[in-house]
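The following exercises are meant to be worked with the sequence and the 3D view side by side. Each task is followed by a solution that goes step by step.

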Amino acid sequence: MKLDVLRPGWDQLQEEGIVNAEGARLFRSDGSSLLDAAGQFGVNAIGFGRKDIADVIAETIWKRSHLSPTLQCPERIALAEVLKQKWLHPNLDRVHFVNSGSEANEAAIRLARHYHYLRGKRTKWKIISREYSYHGTTMGALSMTTNAFRRKGLEPYLAEMPVVPSCYCAEGESENSVNKALDALRATIESHGADSIAAMIVEPIGASSSGATASPPEYWQEVEELCRQHDILLISDEVVTGFGRTGSRMGYDQAGFVPDIISMAKGLTGGYGALGAVSGRGEIFEVLEAGGLPLFYHTLGGNPPACAAAFENLKVIEEENLLDRVDDMGSRLGELLRPLRFQKGVKDVRGVGMLWAVEVEPLPGLDIKPSALIVKKGIEKGVFYWPGGVSEDHNIICFAPPFTVSEEDLIRMVVVLEDVISELYL
Ligand SMILES: Cc1ncc(COP(=O)(O)O)c(C=O)c1O
């Protein structure tokens, strides 16, 4: 039986798949290997193959396997505590565990909507989202997603949400872009009416749809202020940017704002378990509790072995000082990638911490997108790149390697990309 719909360019990997993984390397059954330049896109932080984590997970499966998400257990309690003590802004003092990033964003929608609804503000339901965004594959999260490729054909199921421009500033354009983006946000709030808007969702640094785009602090300060003025909750989607990926603990720390609600997944367990989470200001959760509306219920949400995996993953990040390593190796990755800007076919190179993107020019006359072709060629040369971009412009190669990646492996990832690009853009 075929497993899934094939992604263009990945077919060569599907026959036997990956049988083993170690550090930043994926192994096939014939012993050949691929470097994983994107850590399964922002999932793997501490590297593959940590046997000690697998042992803790096995012990938890043996002792408790799964318990209903409404029951407490040591793994959930310990993880919630470490999030509060070490990772999240003090305002974010409640957490609810789910299974994935999409579910975390669904839960964020519910939190925002029920918070207003139960306070008698029943017309507030819309969620402002930004251009070039992706928030998940479920219909609520997809309604807030502007990446047209991800929405294609599903539009009848999706709620109409207000969309504002994102604010990526190319060098020297900062003030102009910030003003334009903020004017558009003000106009959107005014035209829809603040009394119809429950929340605004943002990726603090763009993930694969926009490719590591950052906005200046003055933009974020004003976004935060406008949301507060209009009783609009600010949701930060930290599915990719959370847990050190950008060099700060959370993406909102890096960007310079404080959200009301955040969604998390990927780097939370580093791939050692399937877990997502939503966190928010205590007051928001208290309104839901007082109103008797339970937040969300997924039978397998907050799976104890996955919570144990997350706890251990975060412990490794702390104990091995991996945030410092993100700073060091992230700067090195930037140094290696920036010269590609001057290569034929390359439009832009940008990034922060261990989240980088190389944007290439379209390749006219081919029925495969540039990113898919680069992924295909990369696999042939032993590096697995992650394709990004939106819709017709699927022209971004994303870098998000494990924080533990060696300099030698980083060099190889960049050299092979340079090579592939020079073969394609003659
Ligand atoms: C920014 C962002 N939010 C949400 C999601 C959805 O997460 P998941 O695939 O775990 O459902 C993704 C997935 O790539 C993402 O990049």
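**Exercise 1. Decide whether Asn321 is buried, partly exposed or exposed, and describe its backbone and its place in the chain.**

Step 1. In this predicted model, Asn321 has a relative accessible area of 48%. Buried would require under 20% and exposed over 50%, so Asn321 counts as partly exposed.

Step 2. The position of Asn321 is in the loop that lies between helix 12 (304-319) and helix 13 (322-337).

Step 3. The phi of Asn321 is near 50°, a positive value in a residue other than glycine. As background, most residues other than glycine have a negative phi.

**Exercise 2. Find the element that holds Gln40, and describe the phi and the accessibility of Gln40.**

Step 1. Gln40 belongs to helix 2 (residues 39-42).

Step 2. Although Gln40 is not a glycine, its phi is positive, at about 55°.

Step 3. With a relative accessibility of 31%, Gln40 is classed as partly exposed.

**Exercise 3. Work out which side of helix 3 is buried and which residues are carried on the face turned away from it.**

Step 1. Helix 3 (residues 51-64) consists of 14 residues, and the distance from its first C-alpha to its last is 20 Å, close to the 20 Å expected at 1.5 Å a residue.

Step 2. Ile53, Ile57 and Thr60 are the buried residues of helix 3. They cover an arc of only 60° around the axis, which places them on the same side of helix 3. The general rule behind such a pattern is that an α-helix has 3.6 residues a turn, so residues three or four places apart point the same way.

Step 3. On the face of helix 3 turned away from the buried side are the exposed residues Lys51, Trp62 and Lys63.

**Exercise 4. Carry out the analysis of the buried side for helix 15.**

Step 1. Helix 15 (residues 407-424) has 18 residues and spans 26 Å from its first C-alpha to its last, close to the 26 Å expected at 1.5 Å a residue.

Step 2. The residues of helix 15 that are buried are Asp409, Leu410, Met413, Val414, Val416, Leu417, Val420, Ile421 and Leu424. Because their arc around the axis is only 160°, they sit on the same side of helix 15.

**Exercise 5. Follow the pairing of strands 11, 12, 15 and 14, and decide how far strands 11 and 15 are enclosed.**

Step 1. Strand 11 pairs with strand 12 (residues 355-360) in the antiparallel sense over six bridges, and Val352 stands opposite Leu355 in strand 12. These two strands form a hairpin with two residues between them, and Gly353 in the turn has a positive phi of about 55°.

Step 2. Strand 12 also pairs with strand 15, in the antiparallel sense and over four bridges, with Ala357 opposite Cys398 in strand 15.

Step 3. Strand 14 (residues 386-390) is joined to strand 15 by four bridges and runs antiparallel to it; the partner of Gly388 in strand 15 is Ile396.

Step 4. Five of the seven residues of strand 11 (residues 346-352) are buried, so strand 11 is largely enclosed by the rest of the structure. In strand 15 (residues 393-399), six of the seven residues are buried, so strand 15 is likewise largely enclosed by the rest of the structure.

Step 5. His394 has its place in strand 15 and is buried, with a relative accessible area of 12%.

**Exercise 6. Give the strand order of the open sheet of seven strands and name its edges.**

Step 1. The seven strands follow the order 4-10-9-8-7-5-6, and their pairing is mixed.

Step 2. Strand 4 (92-98) and strand 6 (163-164) are the edge strands, each pairing on one side only.

Step 3. Within this order, strand 8 (residues 233-237) and strand 9 (residues 261-264) run parallel and are joined by three bridges, with Ile235 opposite Ile261 in strand 9.

**Exercise 7. Describe the largest cavity and the classes of residue that line it.**

Step 1. The structure holds three cavities of 30 Å³ or more, and the largest has a volume of about 70 Å³.

Step 2. Among the residues that line the largest cavity are Arg130, Glu131, Tyr132, Ser133 and Glu203.

Step 3. Sorted by class, the lining of the largest cavity comprises one nonpolar, five polar and three charged residues.

Methods
Residues are numbered from 1 along each chain as its sequence is written. This is a predicted model: local features need pLDDT of at least 70, side-chain atom pairs count only at pLDDT 80 or more; totals for chains, interfaces and linings use all residues. Side-chain values use heavy atoms; hydrogens and water are left out. The expected span of a helix is 1.5 Å times one less than its number of residues. Buried means under 20% relative accessible area, exposed over 50%, partly exposed in between (1.4 Å probe, protein chains only). The arc is that of the directions from the helix axis to the C-beta atoms. On a 1 Å grid over the protein atoms alone, a cavity is a set of points where a 1.4 Å probe fits but cannot get out, and a pocket is an open set with protein on both sides within 12 Å along at least five of seven lines; lining residues have an atom within 4 Å of a point. Grid points are joined across faces, edges and corners, and a volume is the space filled by probe spheres set on the points. Ala, Val, Leu, Ile, Met, Phe, Trp, Tyr, Cys and Pro count as nonpolar, Asp, Glu, Lys and Arg as charged, and the others, Gly among them, as polar. Two strands pair if DSSP finds at least two bridges between them.
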